[in-house]
Amino acid sequence: MKVIDHIRESKGTQVSFEILPPLKGKTISSIYDHLDPLMEFRPSFINVTYHRSETMFKKKADGTFEKVEVRKRPGTVGICAAIMNHYQIDAVPHLICGGFAKRETEDALIDLHFLGIDNVLVLRGDAAKNESSFEAEPDGHAYAIDLLKQVVSLNHGIYLEEDIKNGGKTNFCIGVAGYPEKHFEAPNLDTDLTHLKAKVEAGAEYVTTQMFFDNRKYFDFVKTCRAMGIEAPIIPGLKPITNKKQLSILPKVFHVDIPKELSNAIMKCKTDAEVEMVGTEWLVEQSRELKKANVPVLHYYTLGKPKVIWNVVKEIV
Ligand code: FAD
């Protein structure tokens, strides 16, 4: 079932989770171990992130270095299929522009379609670790909207090979990312939202937000989106803080603010267990307020912390 249909058919706020593929070398049981405890909350869907390969320099026996491409977390498509098969819950693979040629994207979409996966979250992806800013592949997409348009074309049966006439139509429900605190590359929120509006007008059916720790940021974002004519459901993305280092890492990596009240409370903690308690309580309060405001879905970034998410969601459902 499509994410948009889950939203349309539900009377109240639903719950969904996002997971990362495990590091290469682990088996699918690590995914089930992660998700099993969360299944009692009957999530409407589970997102699986996509991680592009990284360029690394591997030392050879003669002391010189060899440049190698390493994908540390492969398996997004397979994990989605496994989740749907194992739990009968819809899976949402993330698709990115970075590292992909259009033809590879088309093949991935065909695989997803054959597997009965009809949801995708389309993203640009960040710059590769060895690049200072995002660089599209020579035959790839520069922005999420370009990838989105490729998925929309395939939904109309239009393939890259021009000699495919009357091509079979896929049926993807497409989600995109939104940033209540602005995407870090955008010169201002207005410009960023103009690009978000273009993604929705091009066929995105819903928006999932970057994490935020102050609900005001989300409510203001939704209000501004509506004022600009962006009517698609906006799913809040939520993450707990579980250690002190995140006070500097999260703003640096995700370009989000941490409210003073929360950072002060965390700074007073003596152990990570205490931080986890503060982070959990904060997320419970955030979730309660968002649920009261009737948000369509509470989307939790589980990021290796299923127990913390379990502790939060049990207070909400
Ligand atoms: P875009 O929508 O392409 O926007 C990128 C920037 O370009 C923005 O500043 C925007 O304002 C600007 N822009 C957009 N269109 C245009 C245009 N036509 N002309 C000029 N400027 C334009 N990354 C991963 O690698 N894997 C994941 O699985 C993943 N999952 C994510 C899930 C969520 C919910 C979110 C919020 C982010 C996720 N990311 C993921 C990170 C994401 O890839 C980065 O934030 C990336 O930098 C931007 O992606 P985007 O899809 O928002 O890009």
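The legends below describe close-up views of a predicted model. In this predicted model, local features need pLDDT of at least 70 and side-chain atom pairs count only at pLDDT 80 or more, whereas totals for chains, interfaces and linings use all residues. Residues are numbered from 1 along each chain as its sequence is written, and side-chain values use heavy atoms, with hydrogens and water left out.

**View 1. The shell around the ligand.** The ligand is surrounded by 23 residues (each with a heavy atom within 4 Å of it), and the closest are Tyr50, Asp126, Tyr179, Asp192 and Lys199. At least two residues of this shell come from each of strand E5 (90-96), strand E6 (119-123), helix H6 (189-201) and strand E8 (206-211), where helices (H or I, at least four residues) and strands (E, at least two) are DSSP runs numbered from the N terminus. The shell is made up of ten nonpolar, eight polar and five charged residues; Ala, Val, Leu, Ile, Met, Phe, Trp, Tyr, Cys and Pro count as nonpolar, Asp, Glu, Lys and Arg as charged, and the others, Gly among them, as polar.

**View 2. N and O atoms facing oxygen atoms of the ligand.** An N or O atom in the side chain of Lys199 is 2.7 Å from an oxygen atom of the ligand, and for an N or O atom in the side chain of His195 the distance to a ligand oxygen is 3.1 Å. Gly125 takes part through its backbone, with an N or O atom 2.9 Å from an oxygen atom of the ligand. Taken alone, the ligand exposes 980 Å², of which the protein buries 84% (Shrake-Rupley method, 1.4 Å probe).

**View 3. Aromatic pairs.** The structure holds six aromatic pairs (ring centres of Phe, Tyr or Trp, the last by its six-membered ring, within 6.5 Å; planes under 30 degrees apart are stacked, over 60 edge-to-face and the rest tilted). One of them, Phe17 with Tyr300, is tilted, at 6.3 Å centre to centre and 35 degrees between the planes. Phe17 lies in strand E1 (residues 14-19) and Tyr300 in strand E10 (residues 297-301), so this pair ties together parts that are 283 residues apart in sequence. Phe17 is buried at 0% relative accessibility, and Tyr300 is buried at 0% as well (buried means under 20% relative accessible area, exposed over 50%, partly exposed in between; 1.4 Å probe, protein chains only). The rings of Phe212 and Tyr218 have centres 5.4 Å apart and planes at 15 degrees, so that pair is stacked. Both Phe212 and Tyr218 are buried, and ring pairs link them with Phe219 into a cluster.

Definitions and conventions
A polar contact is a pair of N or O atoms within 3.5 Å; within protein, one must be able to donate a hydrogen and the other to accept it, and residues adjacent in sequence count only if both atoms are side-chain atoms.
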